[in-house]
Structures are given as structure tokens and as C-alpha cells.
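Please find below some notes on the enclosed space in this model, set out as numbered points for checking against the coordinates.

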Amino acid sequence: MSGGPAGGARLLAAMALGDSAFPSGALAFSSGLEAASRAGAVTGEDDLADFVEEQLRHRWHTGDRVLLARYARDPGWARALLVDAEAERLAVVDVLRRGSRTAGLALLGTFAALGSVPAARLRAAALAGRSPGHLVTAQAVCLHDAGLEPAEAEAVCCWSLVAQLTSAAVRLGVVGHLGAQRVARRAVAAAGPLLEAAPPAEPWTGTALADVLVGLPVGDGRLFAT
């Protein structure tokens, strides 16, 4: 799948991979939004916009994006294992760590079924317990193999997070469909300067609201794995 298209076809390829209809498995996870909603910490558009921006600024930009860039600079099997180990080190919250592994395995399964040899190799390693198979590692490996340039892969991953969270918010009843679109627009505006700036040299995460609440019991009727 390497090599990738050129020109407008590149944009179409990136859009297809970032589409919420693409079977990535990420929509089964809310990254702590469900717990925040049930705790009364996220109840409407403004709260949701703050939650999404915190995830973008203090988890994606400072953590995932750093690891995506490391893989893009030196892609290959050895680097994939190193990135996966670093993702495991960063995943200090058990629920989010397990969710990232499950989402990563789902994404790897999709790309493996579509013919990606690197995805199939990492999936086999994850299933055998030789590597965690975190979502960010799966994204790095799969999108590179799909032929996306680093900036394109970053944009796809950034948008995928926004789409995941706003879709979860609709399912949770935090916002309606139009409210979700307004929040998504605010998130894109916030993400623009992040994508223009260089990521940190070393990865770190600090999403206090989600990290604290995601481990709390939510009672019956849980909609999401995280």
C-alpha cells in the first residue's frame, strides 16, 4: 500500500482514512468523556469544547503527535516497537491504556484485511503479547504504509480524535448533531496553531479531567469502553 497517490487524490485518500465511516474501531471509545458526562463535568457545548481542546493540547499534541513524528522520521519494524513501548509508558491510566490497545488492534485488523503487511505484522505481535499495539503506533504504521506524508497523517489522526469525541457526545446526549458540528469547528480552529507548531521534543500527557474521572464507576448502561 506504500507509494500513495498524488495531487487531489492524496487529499481524497486522507479524507477517506479520516472519515468516521472508516472502520477504525475508535468510535467504541470516548476517552473519558462518558465518565465526565455522567459526573456532570461535561453537560453542553462549552464544556465539550473545553474537553476536546484539552485532549488535543495535552494528550494528542504533546503525546501522540510526538510518537507519530518519531515513527515518520525513521519508519520500520524496529521503530514501531520502540514507539509502542513509549506509548505503553505514557499510558499511566489503566482504563485508557486498555482502550488504546483495543483500538489499536482494531485499526491494525482493518488495515491487515486491506492488505497492509506492516499492519498484519504488528497485529500478530500484539496478539502474541510481544508488543502492546497501541492506537498511536497503529496509526503511525498504517498511515505511513498507506502512503500519507507526515503532515497528512497528523491531520488525519487529529481529526479522528475530534470526530471520535463529538460523535461520542451525541450518543451520550451531551449535544445534538448541530452542536457537535459547532464544537468540531472550534476544535479545528484550536488544532490549526498546534499543527503549525512543532511538537515537544519528549512526549507527555496531562488531561486531568479525563484521567481522574475515567476510572470511576459509571453504573449500568455503559456505552463506551473508556
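**Notes on the internal cavities**

1. In this predicted model, the element that contributes most to the lining of the largest cavity is α5, which supplies seven residues. The volume of this cavity comes to about 790 Å³, and the structure as a whole holds two cavities of 30 Å³ or more.

2. The lining of the largest cavity is made up of 42 residues, and those closest to its centre are D64, S100, L135, Q139 and Q164. Besides α5 (94–113), the elements that each give two or more residues to this lining are α1 (8–18), α3 (45–73), α4 (77–90), α7 (135–145) and α8 (150–172).

3. As for the chemical character of the largest cavity, its lining counts 23 nonpolar residues, together with 14 polar and five charged ones.

4. The second largest cavity encloses about 100 Å³ of space, and at least two of its lining residues come from each of α3, α7 and α8. Its lining consists of L68, A69, Y71, A72, Q139, A140, L143, H144, L148, P150, A153 and E154, which divide by class into nine nonpolar, two polar and one charged.

5. One residue deserves a look in both contexts: Q139 is listed among those closest to the centre of the largest cavity, and Q139 also lines the second largest cavity. At the level of elements, α3, α7 and α8 give two or more residues to the lining of the largest cavity, and each of these helices likewise supplies at least two residues to the lining of the second largest.

Key:
Residues are numbered from 1 along each chain as its sequence is written. This is a predicted model: local features need pLDDT of at least 70, side-chain atom pairs count only at pLDDT 80 or more; totals for chains, interfaces and linings use all residues. Side-chain values use heavy atoms; hydrogens and water are left out. On a 1 Å grid over the protein atoms alone, a cavity is a set of points where a 1.4 Å probe fits but cannot get out, and a pocket is an open set with protein on both sides within 12 Å along at least five of seven lines; lining residues have an atom within 4 Å of a point. Grid points are joined across faces, edges and corners, and a volume is the space filled by probe spheres set on the points. Helices (H or I, at least four residues) and strands (E, at least two) are DSSP runs, numbered from the N terminus. Ala, Val, Leu, Ile, Met, Phe, Trp, Tyr, Cys and Pro count as nonpolar, Asp, Glu, Lys and Arg as charged, and the others, Gly among them, as polar.
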